Amino acid sequence: RREGTDVTIVSFGKIIKEADKAADELAKENISVEIIDLRTVKPLDYEAVLKSVKKTNRLVILEEAWPFGNVATEITYHVQANAFDYLDAPIVKINTADTPAPYSPVLLAEWLPNHEDVVKAVKKVLYKL
């Protein structure tokens, strides 16, 4: 979805728009973000993820799901099993809060990951916090 050299963000679905916003914001700080849009999770394009991680050496996974037992967990496992030596920082997963989805629009906005969460995670894996 987007070429970059400093960090890989993997995502899919409508939440990927937050990754796009974050990448635009980070580009203003000369941080080059590569975005992998999985499009499908079965089959999952492990090859594209591994190729990107081997290039950028850092991985942030953005998913609109609870933090336990999700696609991000599977990607994390696969990258650590097959490209661990390429990682220069721990993988960061960004998920929804570990609570039921709230009904209130104000609370829902806090529950969902946003571009600010992505910016913070990218800076964390780049050790720029």
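A salt bridge is taken here as a side-chain nitrogen of Lys or Arg lying within 4 Å of a carboxyl oxygen of Asp or Glu. In this predicted model, the rule gives a count of eight salt bridges. One of them joins aspartate 24 to arginine 2, with 2.8 Å between the closest N and O atoms. Aspartate 24 belongs to helix H1 (residues 16-27), whereas arginine 2 sits in the segment before strand S1 (7-11), so the contact ties together parts that are 22 residues apart in sequence. Both partners are partly exposed: the relative accessible area is 44% for aspartate 24 and 26% for arginine 2.

Helix H1 also holds a salt bridge of its own, in which the side chains of glutamate 18 and lysine 21 meet at 3.3 Å, N to O. These two residues are three apart in the helix, a separation of about one helical turn. Their surroundings can be set side by side: glutamate 18 counts as buried, at 17% relative accessibility, while lysine 21 is partly exposed at 44%.

A further salt bridge links lysine 55 with glutamate 34, the closest N and O atoms being 2.4 Å apart. Here lysine 55 comes from helix H2 (residues 46-56) and glutamate 34 from strand S2 (residues 33-37), so this pair ties together parts of the chain that are 21 residues apart in sequence. Lysine 55 is partly exposed, with 39% relative accessibility, and glutamate 34 is buried, with 6%. The value for glutamate 34 falls under the 20% cut-off for burial. Elsewhere, salt bridges with shared partners connect Arg1, Asp20 and Asp37 into one network.

Turning to the strands, S1 is mostly covered, with five of its five residues buried. The cover extends to both faces of S1: Val7, Ile9 and Ser11 are buried on one side, and Thr8 and Val10 are buried on the other. Strand S1 pairs with S2 in the parallel sense, over five bridges. Within this pairing, serine 11 stands opposite aspartate 37 of S2. Between these strands the chain runs from S1 through H1 to S2, forming a right-handed β-α-β crossover.

Strand S1 has another parallel pairing, with strand S3 (residues 59-62), and this one is made over three bridges. Valine 10 has isoleucine 61 of S3 as its bridge partner. Taken together, S1 pairs in the parallel sense with S2 and with S3, and its residues are buried on both faces.

Conventions
Residues numbered from 1 in each chain as written. Predicted model: local features only at pLDDT ≥ 70, side-chain atom pairs only at ≥ 80, totals over all residues. Heavy atoms only, no water. Helix = DSSP H or I, 4+ residues; strand = E, 2+ residues; numbered from the N terminus. Buried < 20%, exposed > 50% of the residue type's maximum accessible area, 1.4 Å probe, protein only. Pairing = 2+ DSSP bridges. Right-handed = clockwise from strand over helix to strand, strands pointing away.
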